[in-house]
Amino acid sequence: MTAPRARRGRPPASTREALEEAAFELLLRDGYEATTLQAITAAGGVGRSTLFRYFGSKAGIVWGEFDRAVERLRSALSDADDAPVMTAVRAAVIRSTYQSQAAAPDSWLDRFRVLDRDAALVAETAAHWRVWAGVVSRYAAERSGLDADDPVPAAIGGAVQAAYVAVLRRWAATDEAVDIDDLDRALRPVTDAFQALLDGAPRA
């Protein structure tokens, strides 16, 4: 097997970020079920107590930052001004993505690669993405005066999430530098179309 690549110019892997990077290299190479805590701690150069202090478990490595990304999205939406609904949604997705990239610059796309490709994580990944889409749906419903269970907000959440995942997959397929502005260009046709729909939708 190929060993995880060396991280030159970095301090010993005793930080959360370095340990996370080492973990996702192993998860990509060996898969979630085959990657042990022992292998992660060995690759990261730390003991089990350090791993548990940062993450709590192997699942915590995989899902902790995803859950924080959902909170960043929720926070960005709560901070949105009185811009049109879908403009605010697009801006919040972009802002939360910037924040997630800054929080884990060496592993955030590897995290997506693992979640998107590992068969052992398919069901739980879908459940987490439903939570992400639900944040968008609830915001759209509240801002638009529609019922929370109306098909239109549900469709908005699903469509924005699908477009977002499509962009992440494109980024994950290459080692080129990520251009966050590309996300704005990709989301704009989706958000513009739903804004036109909202502008003509009857209010509850």
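Author: Rings of Phe, Tyr and Trp (its six-membered ring) pair if their centres lie within 6.5 Å; planes under 30 degrees apart are stacked, over 60 edge-to-face, the rest tilted. The model is predicted, with local features needing pLDDT of at least 70 and side-chain atom pairs pLDDT 80 or more, while totals for chains, interfaces and linings use all residues. Residues are numbered from 1 along each chain as its sequence is written, and side-chain values use heavy atoms, without hydrogens or water.

Reader: How many aromatic pairs does a search of the whole structure find, and which kind do Trp63 and Phe66 form?
Author: The search of the whole structure gives 7 aromatic pairs. In the pair of Trp63 and Phe66, the centres are 6.1 Å apart and the planes stand at 70 degrees, which makes the pair edge-to-face.

Reader: Where do Trp63 and Phe66 both lie?
Author: Both residues are buried (under 20% relative accessible area; exposed is over 50%, partly exposed in between, with a 1.4 Å probe and protein chains only). They are 3 residues apart, about one turn of the helix (a DSSP run of H or I, at least four residues, numbered from the N terminus). That helix is α4.

Reader: Why is the pair of Trp132 and Tyr164 stacked or not stacked?
Author: Trp132 sits in helix α7 and Tyr164 in helix α8, so this pair links distant parts of the chain, 32 residues apart. Both residues are buried. Their ring centres are 5.1 Å apart and their planes lie at 15 degrees, so the pair is stacked.

Reader: Which residues do ring pairs link into a cluster?
Author: The pairs of Trp63 with Phe66 and of Trp132 with Tyr164 have been described above. Ring pairs join the cluster of Trp63, Phe66, Trp129, Trp132 and Tyr164.

Reader: Which helix supplies the largest share of the largest nonpolar core?
Author: This core (buried Ala, Val, Leu, Ile, Met, Phe, Trp, Tyr and Cys joined through side-chain atoms within 4.5 Å) has 55 residues, and Val93, Trp132 and Ile156 have the most contacts inside it. Helices that each supply at least two of its residues include α4 (58–78), α5 (85–103), α7 (122–144) and α8 (151–172). The largest share is 10 residues, from α8.

Reader: With which residues is Trp132 in contact, leaving aside its neighbours within four places in sequence?
Author: Contact means heavy atoms within 4.5 Å. Trp132 then touches Val70, Leu73, Val93, Val160, Gln161 and Tyr164.

Reader: Is Pro189 buried or exposed?
Author: Pro189 belongs to helix α9. From Glu21 it is 168 residues away in sequence and 34 Å away in space, C-alpha to C-alpha. Because its relative accessible area is 55%, Pro189 is exposed.
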